[in-house]
Amino acid sequence: MAHKYQIGDRVRIRDREDLEAYRDEDGIIELDDGEVVLDEMLAYSGLVAHVAGLDEFGGYKIDLDKGEYGWSAEMFEGVRPDDGDRTEARPGEGEPDGMC
């Protein structure tokens, strides 16, 4: 399977608002590609990451979370050369409402 991004590519994780728009009545964020965004992953929204590897399901591993989560191409945006390099997760932003 061909991958949109390669190991070492810089990617920007989509903005929280973009991802939240997919949240259903059960509170699940499922993107058009069928992949689910966990609430904990939202802490990385808007940040620039490097693709660090691929998981056993063909998803991406990124450096910011030290490979903890599996990411899909739809969770990313391409990075322009003039994009900033904000690469630190925002504390508490990935926690579900009421759990901060």
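How many salt bridges does the structure hold? Four. That count is a handy way in, and the notes below start there before moving on to the strands and the surface. Keep in mind throughout that this is a predicted model.

1. **The overall layout.** The protein has one helix and six strands. Going along the sequence, you meet them in the order β-α-β-β-β-β-β. Of the 100 residues in the protein, 36% are buried.

2. **A salt bridge across the sequence.** Take E74 and R14 to begin with: their side chains meet in a salt bridge, at 3.9 Å from N to O. E74 sits in the loop between β5 (60-62) and β6 (76-78), while R14 belongs to the loop between β1 (10-13) and α1 (16-20), so this pair ties together parts that are 60 residues apart in sequence. Is R14 buried or exposed? With a relative accessible area of 13%, R14 is buried; the cut-off for that label is under 20%.

3. **R23 and its two partners.** Now look at R23. One salt bridge goes to E20, and here the closest N and O atoms are 2.7 Å apart. E20 is partly exposed, at 25% relative accessibility, and R23 is partly exposed as well, at 29%. The side chain of R23 also meets that of D39 in a salt bridge, 2.8 Å from N to O. This second pair links distant parts of the chain, with R23 in the loop between α1 and β2, D39 in the loop between β3 and β4 (48-54), and their positions 16 residues apart.

4. **One network.** Which residues do the shared partners bring together? Salt bridges with partners in common join R16, E20, R23 and D39 into one network. If you want to trace this in the viewer, R23 is a good place to start, as R23 has salt bridges to E20 and to D39.

5. **What β1 pairs with.** Strand β1 has β4 as a partner, in the antiparallel sense and over three bridges. As a landmark, R12 has V48 in β4 as its bridge partner. β1 is also joined to β6, again by three bridges, and these two strands run antiparallel. For that pairing, find V11, which stands opposite G78 in β6.

6. **The β4 and β5 hairpin.** β4 is joined to β5 too, by three bridges, with the strands running antiparallel. G53 has K61 in β5 as its bridge partner. Five residues lie between the strands of this hairpin, and in it G58 takes a positive phi near 90 degrees. Have a look at the backbone there.

7. **Around the helix.** Helix α1 is where you find L19, and at 2% relative accessibility L19 counts as buried. The C-alpha atoms of L19 and E30 are separated by 8.7 Å, with the two residues eleven apart along the chain. For contrast, try A21, in the loop between α1 and β2. A21 counts as exposed, at 66% relative accessibility. A21 and L31 are ten residues apart along the chain, and 9.4 Å separates their C-alpha atoms.

8. **A negative patch.** On the surface, E30, D32, D33 and E35 form a negative patch. One of these, D32, lies in the loop between β2 (29-30) and β3 (36-37). How accessible is D32? D32 has a relative accessibility of 66% and so counts as exposed, the cut-off being over 50%.

9. **A nonpolar patch.** There is a nonpolar surface patch as well, made by I28, V36 and L38 and covering about 220 Å². L38 has its place in the loop between β3 and β4. At 39% relative accessibility, L38 counts as partly exposed.

10. **Where to look again.** For a second pass, I'd pick out three spots. Check the salt-bridge network of R16, E20, R23 and D39. Then follow β1 to its antiparallel partners, β4 and β6. Finally, turn to the surface and compare the negative patch of E30, D32, D33 and E35 with the nonpolar patch of I28, V36 and L38.

Conventions: Residues numbered from 1 in each chain as written. Predicted model: local features only at pLDDT ≥ 70, side-chain atom pairs only at ≥ 80, totals over all residues. Heavy atoms only, no water. Patch = residues over 30% accessible without salt bridge, like charges linked within 9 Å, V, L, I, M, F, W, Y side chains within 5 Å. Areas by Shrake-Rupley, 256 points an atom, 1.4 Å probe, with all protein chains shown as cover. Lys, Arg positive; Asp, Glu negative; His and termini not counted. Charge placed at Lys NZ, Arg CZ, Asp CG, Glu CD. Helix = DSSP H or I, 4+ residues; strand = E, 2+ residues; numbered from the N terminus. Buried < 20%, exposed > 50% of the residue type's maximum accessible area, 1.4 Å probe, protein only. Pairing = 2+ DSSP bridges.
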